[in-house]
Structure formats: structure tokens, C-alpha cells
Amino acid sequence: MIMTAVFVFIGCTVWTIVHSFTKSRLLPKLDFVGLDQYERLWGTRRWLVSIENLAIYGICSLVLSLVIGFTLAALLDRKIRFENTFRTILLYPFALSFIVTGLVWQWILNPDFGIQSVVRGWGWESFTFDPLYNPDIVIFGILIAGIWQGSGFIMVVMLAGLRGIDEEIWKAARVDGIPTWKTYIFVVIPMMRPVFVTALVLITSGIVKVYDLVVAQTSGGPGIASEVPAKYVYDKMFQAQNLGQGFAASTMMLLSVVIILIPWAYLEFGGKKRG
């Protein structure tokens with residue numbers, strides 16, 4: 001595993017970064033051009049749109065996945081009837097591939113035979129719901145599919161954390177007359193900090209590499225309204241045959257992950273050593 005990590009992951013990462021400073025086209029070559037690829041990258045409107053979409057998708061996905069996942073887990077933790085059935089149903093979307101999920105939601109959100117068509121068939125002729133065809137809100141149509149697929153998994157992670165809370169804490173809270181919602185906010189959630197960190201890492205990793213949903217639902221359209229960085233990298237490397245530009249974009253994606261992980265790792269591990 002150490003050899004794999006060093007020679008495959010680290011080695012390929014260094015190789016990619018080095019070639020991002022070259023003018024590699026169809027094949028990689030060490031013909032250095034300095035920061036030209038990065039200047040061209042940040043001067044491209046398609047890349048800027050993809051970064052904006054990733055930011056919107058990432059923030060909304062992070063918040064909604066945590067809120068929905070924890071809420072569902074808290075409800076199931078009340079030991080309701082048919083808990084196993086509900087847990088299976090809620091987790092089922094996670095078993096599907098992103099391509100399948102994207103195609104299903106493409107059909108559901110299609111204005112000709114999806115939600116909009118059904119509601120209009122009920123008599124509400126003015127109802128409009130076509131996010132995948134509206135460039136201003138298309139990223140939210142993709143977000144719906146992402147939340148639908150990922151919330152169940154986060155629910156299971158949170159439920160495992162809730163089941164690890166000592167039952168005596170709940171008994172003490174009831175004896176002291178503390179409302180349930182206050183117990184969750186001031187006692188349970190702080191105790192579940194490692195669980196939230198795990199969920200945060202899982203969600204963030206999925207956000208950065210989001211690609212399948214976009215391809216399945218919109219292929220980046222309308223126009224370039226739903227472009228994301230991962231799709232930009234793929235298109236530049238395998239369709240435009242511009243490896244240098246694809247390497248530069250993938251390096252910027254790596255940099256964004258590093259910017260997030262280094263402060264987290266410092267606060268999570270560095271502070272504990274000093275304490």
C-alpha cells in the first residue's frame with residue numbers, strides 16, 4: 001500500500017503538475033511554457049462558469065446533505081416501527097450509479113412528461129418546473145439528484161453515530177427536563193464531532209469530482225450553464241486533445257482540495273498534539 005501510494009498517487013500527481021507547465025497537446029511532452037496554460041485557463045469563460053457552479057453545488061450539497069441526513073437519522077433513532085424498511089428505502093438511491101440517477105432525474109424533471117406535465121395534467125396549467133432547461137437554475141436541478149442519492153448514505157453514517165451515544169445521557173436529559181431539540185444541539189451534536197468530520201470529508205470528495213450527474217442530465221448545457229471542473233478536464237484532455245490545459249485544470253482542482261484539507265488537518269491533529 002505504501003509503494004502504491006508513493007509511486008502511483010504521489011508520482012502521478014507530480015507528473016501532472018509538471019506537465020501543466022508545458023504545451024502538451026495529443027501527447028505529453030516537456031516543452032515548458034511557464035504559466036501560459038494557467039493564464040489561458042482563468043481567461044476562459046467556460047472554466048469560470050464551472051468554478052461558480054461547483055461553488056454553488058458544493059455549498060448547497062454540503063449543507064443540505066448534513067441537515068437532511070442528520071434529521072432522517074434522528075427520526076430513525078427514535079426506534080420507530082418498520083425502521084429497517086425505512087432505512088433500506090432511504091439508502092437505496094445510494095446503491096444506484098450516478099449515471100442511472102442522472103437519467104432518472106432527467107426524466108422526472110423533463111417538462112414534457114415529468115413533474116411539470118403531471119401537475120399541469122391536474123389542472124394547474126400555469127405551473128412551470130423545468131430547472132434542467134433554465135440556464136439560471138440548471139445547477140439546482142443537478143443538485144436535486146445529488147441530494148436524493150447522497151442523503152441516505154449520510155443518514156446511515158449519522159445513525160451509526162447516534163447509536164453510539166450512551167443511553168444514560170438521554171435519561172439524564174429527560175430527568176432534568178431538557179427539551180429533546182436542546183439535547184441534540186448542545187449535547188449530542190458536539191459529541192458526534194468525529195462523525196460530522198467523516199461525513200464532511202465524504203461529501204466534499206463527492207462534490208469535487210462531480211461529473212456523472214452533469215453528463216447524464218445536461219451534458220453541460222444549456223450551452224455551458226451546467227459545466228463543472230471535472231467535465232472541463234475530461235473534455236480538454238480527451239475531446240480537444242489539449243493535455244496541457246487539462247493538466248492545468250486538474251492541478252487547480254487538486255489545489256482547491258489541498259486548501260481545504262490542510263487547515264482541517266492542522267486543527268484536527270496539530271492542536272491535539274500541542275494540548
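E167 is partly exposed, with a relative accessible area of 37%. Its side chain meets that of R174 in a salt bridge, 3.8 Å from N to O, and R174 counts as exposed at 51% relative accessibility. Here buried means under 20% relative accessible area, exposed means over 50%, and partly exposed lies in between (1.4 Å probe, protein chains only). A salt bridge is a side-chain nitrogen of Lys or Arg within 4 Å of a carboxyl oxygen of Asp or Glu.

The model is predicted: local features need pLDDT of at least 70, side-chain atom pairs count only at pLDDT 80 or more, and totals for chains, interfaces and linings use all residues. Residues are numbered from 1 along each chain as its sequence is written, and side-chain values use heavy atoms, with hydrogens and water left out.

**Salt bridges**

Side chains of opposite charge can pair when their charged atoms come close. The whole structure holds 10 salt bridges, including the following.

| Salt bridge | N to O distance |
|---|---|
| D235 and R46 | 2.3 Å |
| E227 and K231 | 3.3 Å |
| R174 and E167 | 3.8 Å |

The D235 and R46 salt bridge links distant parts of the chain, with D235 in helix 12 (residues 229-239), R46 in helix 3, and the two positions 189 residues apart. D235 is buried, at a relative accessible area of 8%. E227 and K231 are both buried. Salt bridges with shared partners join R46, E227, K231 and D235 into one network.

**Overall fold**

The protein chain has 13 helices and 0 strands; these are DSSP runs numbered from the N terminus (helices: H or I, at least four residues; strands: E, at least two). The C-alpha trace spans about 70 × 65 × 30 Å along its principal axes. Of the 275 residues, 37% are buried. Among contacts with a separation of 6 or more, 66% are between residues 24 or more positions apart, where contact means heavy atoms within 4.5 Å. The protein chain exposes about 15,900 Å², and carbon and sulfur atoms supply 70% of that area. Accessible areas come from the Shrake-Rupley method with a 1.4 Å probe, and for residues only the protein chains shown count as cover.

**The loop between helix 1 and helix 2**

F21 lies in the loop between helix 1 and helix 2, and D31 is found there too. F21 is partly exposed at 26%, as is D31 at 30% relative accessibility. Their C-alpha atoms are 8.2 Å apart, with a sequence separation of 10 residues. Leaving aside neighbours within four places in sequence, F21 contacts D31, F32, V33, G34, L35 and Y38. On the same basis, D31 touches F21, T22 and K23.

L30 also sits in this loop, between helix 1 (2-19) and helix 2 (36-42), and counts as exposed at 57% relative accessibility. L30 belongs to a nonpolar surface patch with I2, M3, V6, F7, V8, F9, I10, V14, V18 and F32, which together have about 1,100 Å² of accessible area. Patches are made of residues with over 30% relative accessible area and no salt bridge; like charges are joined within 9 Å and nonpolar side chains (Val, Leu, Ile, Met, Phe, Trp, Tyr) within 5 Å.

**The largest pocket**

The largest pocket is lined by 21 residues, of which F94, F98, L202, I203 and G206 lie nearest its centre. Helix 3 (45-76), helix 7 (138-163), helix 10 (193-208) and helix 11 (212-217) each supply at least two lining residues. On a 1 Å grid over the protein atoms alone, a pocket is an open set of points where a 1.4 Å probe fits, with protein on both sides within 12 Å along at least five of seven lines; lining residues have an atom within 4 Å of a point.
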